[in-house]
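Colleague: I have a model open and would like to learn how to read it. Could you walk me through it?

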Amino acid sequence: MATNRTFTMIKPDAVENGHIGAILEKISASGFRIVALKKTQMTQVDAETFYAIHNERPFFGELVSYMTRGPIVAAILEKENAVADFRTLIGATNPEDAAEGTIRKLYATSLSENAVHGSDSDENAAIEGAFHFSGREMF
Ligand code: UDP
């Protein structure tokens, strides 16, 4: 499998709870190379755009206010089979269903406040990475 990229965010709950360092350490220890990294805060329009696929879902308003209430850490990560391996590393969307040792099992507080984002396809990884980073911020 060729080396490829995924996109992640350490979400506001995990930042508030002081888990940035532990999550980045786990990501690095799992073989992902950090291509781009920054602490930032999404505006309402940012979050509505980023999660537009969910805009008809009942949790959309709650998701937008959660994702904009404080800073996040955004990153582009590189590894063989990056998208699928990162989804395995973070675990199921609901931390109650996430496997032991996964980032969501360790650090998420609920289905809605689940500590991290991971892209679900190569196509979305490219779109989401470009949403947060310019080419000059990728190394
Ligand atoms: N989410 C939620 N309620 C739900 C499903 C999802 O609040 O019933 C939130 C949660 O933060 C999740 C995000 O919406 O991470 C995006 O949902 P998706 O189904 O794409 O899950 P993911 O790909 O993040 O595992």
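Modeller: Happy to. Let us begin with Asn114, which is buried because 23 other C-beta atoms lie within 10 Å. The general idea: a residue is buried with 20 or more other C-beta atoms within 10 Å of its own, exposed with 12 or fewer, and partly exposed in between, the C-beta atoms being placed from the backbone. This is a predicted model, so local features need pLDDT of at least 70 and side-chain atom pairs count only at pLDDT 80 or more, while totals for chains, interfaces and linings use all residues. Residues are numbered from 1 along each chain as its sequence is written.

Colleague: Where is Asn114 found, and what does Asn114 touch?

Modeller: Asn114 is found in the loop between α6 and β4. Helices (H or I, at least four residues) and strands (E, at least two) are DSSP runs, numbered from the N terminus. Contact means C-beta atoms, placed from the backbone, within 7 Å. Not counting residues up to four places away in sequence, Asn114 touches Thr93, Pro95, Arg104 and Ala108.

Colleague: Is Thr93 buried, exposed or partly exposed, and why?

Modeller: Thr93 counts as partly exposed, because it has 14 C-beta neighbours inside 10 Å. Thr93 is found in the loop between α5 (82-90) and α6 (103-107).

Colleague: Which residues are around the ligand?

Modeller: A residue is near a molecule if its C-beta atom, placed from the backbone, lies within 6 Å of it. Here they are Phe59, Leu63, Thr93, Leu111, Ser112, Asn114, His117 and Asp120.

Colleague: What does UniProt list for "binding site" and "active site"?

Modeller: UniProt positions use the numbering here, with feature names shortened, and annotations may be inferred rather than shown by experiment. The unreviewed UniProt entry lists Lys11, Phe59, Arg87, Thr93, Arg104 and Asn114 as "binding site", and places "active site" at His117. His117 is found in strand β4 (residues 116-118) and is buried, with 20 other C-beta atoms within 10 Å. Leaving aside neighbours within four places in sequence, His117 is in contact with Thr8, Met9 and Lys11.

Colleague: And the largest nonpolar core: which residues touch the most other members?

Modeller: In soluble globular proteins, nonpolar side chains tend to be buried together. A nonpolar core is a set of buried Ala, Val, Leu, Ile, Met, Phe, Trp, Tyr and Cys residues joined through C-beta atoms within 7 Å. Of the 29 residues in the largest one, Ile10, Ile23, Leu77, Phe86, Ile103 and Val116 touch the most other members. The largest share of this core, 6 residues, comes from β3.

Conventions: Two residues are in contact if their C-beta atoms, placed from the backbone, lie within 7 Å.
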